[in-house]
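Work through these exercises with the model open beside you. Try each task before you read its solution.

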Amino acid sequence: QLRKSLRLDDRPVALLAANVIGDSLTLGRQVFSQNMTDWLQQSAPHFANRQDVQLIVRIHPGERYTTGPSVAQIVRQALPEIPDHIRLVEALDPVNTYDLIEIADVGLVYTTTVGMEMAMSGVPVIAAGKTHYRGKGFTLDPSNWQEYYDFLEGQLTASNRAPLSREKVELAWQYAYYFFFEY
């Protein structure tokens, strides 16, 4: 039903879950991009040129409570004409992020906790920023743009597309338990 409402077909789906622009959890967390905005500005055009993949950009629901620049504005500046295979799910759209996770083939995150939750659901995640769960064994952690695009290509190629292994999903659950209940 969600695929139908978003006009998605059977091509692979990449779910880019963004933080709120200016979120303190993004500041100083760059690895290979200058910041989260730069990562968005580079990622959106990459997907615009990939007709074989669908991209969903999930704007953080917290943006409904902020003023200032929006992830949607950044994506629209990078892509003045948004192709049909890219969907923006705005902060006020009545779409549950966890439903988006269920249809995703790969997750793209900067530092949002949604990346950990995607891994807990078996979705391979590429962590572009220095998030607390980066390097814990259940995410793909590029150190430069080439690795980022190589990981993307690897996850979106039909022969390589697969959910996370049971061991990595369990590792994500264990980490989440310690993070939320022990730390």
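## Exercises on a predicted model

Asp52 is partly exposed, with a relative accessible area of 39%. The model is predicted. Keep both points in mind for the first exercise.

**Exercise 1. Find the salt-bridge partner of Asp52, and decide whether that partner is buried or exposed.**

Step 1. Look for the bridge. Asp52 pairs with Arg50, and their closest N and O atoms are 2.8 Å apart.

Step 2. Classify the partner. Buried means under 20% relative accessible area. Arg50 has 11% relative accessibility, so Arg50 counts as buried.

**Exercise 2. Which residue of helix H6 forms a salt bridge with Arg50, and how many residues lie between their positions in the chain?**

Step 1. Identify the residue. Glu153 forms a salt bridge with Arg50, with 3.0 Å between the closest N and O atoms.

Step 2. Place both ends. Glu153 sits in helix H6, while Arg50 is in the loop between H2 and strand S2 (54-58). The two are 103 residues apart, and the pair links distant parts of the chain.

Step 3. Check exposure. Glu153 has a relative accessible area of 39%, so Glu153 is partly exposed.

**Exercise 3. Describe helix H6: its span, its N-terminal cap and its packing.**

Step 1. Take the span. H6 covers residues 145-156, which is 12 residues. From first C-alpha to last it reaches 16 Å, close to the 16 Å expected at 1.5 Å a residue.

Step 2. Find the cap. Asn144 caps the N-terminal end of H6. A side-chain oxygen of Asn144 lies 3.1 Å from the backbone nitrogen of Gln146.

Step 3. List the buried residues. They are Tyr148, Leu152, Gly154, Gln155 and Leu156.

Step 4. See what they pack against. The buried residues of H6 meet helix H2 (36-48), strand S4 (106-109) and strand S5 (125-127).

**Exercise 4. Explain how far apart Arg166 and Glu170 are along their helix, and name the residues that share a salt-bridge network.**

Step 1. Start with the bridge. The side chains of Arg166 and Glu170 meet at 3.0 Å, N to O.

Step 2. Use the helix. Both residues are in helix H7 (residues 166-182) and are four residues apart, so about one helical turn separates them.

Step 3. Compare exposure. Arg166 is exposed at 63% relative accessible area. Glu170 is partly exposed at 37%.

Step 4. Turn to the network. Salt bridges with shared partners join Arg50, Asp52 and Glu153 into one network. The structure holds five salt bridges.

Methods:
Residues numbered from 1 in each chain as written. Predicted model: local features only at pLDDT ≥ 70, side-chain atom pairs only at ≥ 80, totals over all residues. Heavy atoms only, no water. Expected span 1.5 Å × (residues − 1). Buried < 20%, exposed > 50% of the residue type's maximum accessible area, 1.4 Å probe, protein only. Contact = heavy atoms within 4.5 Å. Polar contact = N/O pair within 3.5 Å; in protein donor to acceptor, adjacent residues only side chain to side chain. Salt bridge = Lys/Arg side-chain N within 4 Å of Asp/Glu carboxyl O.
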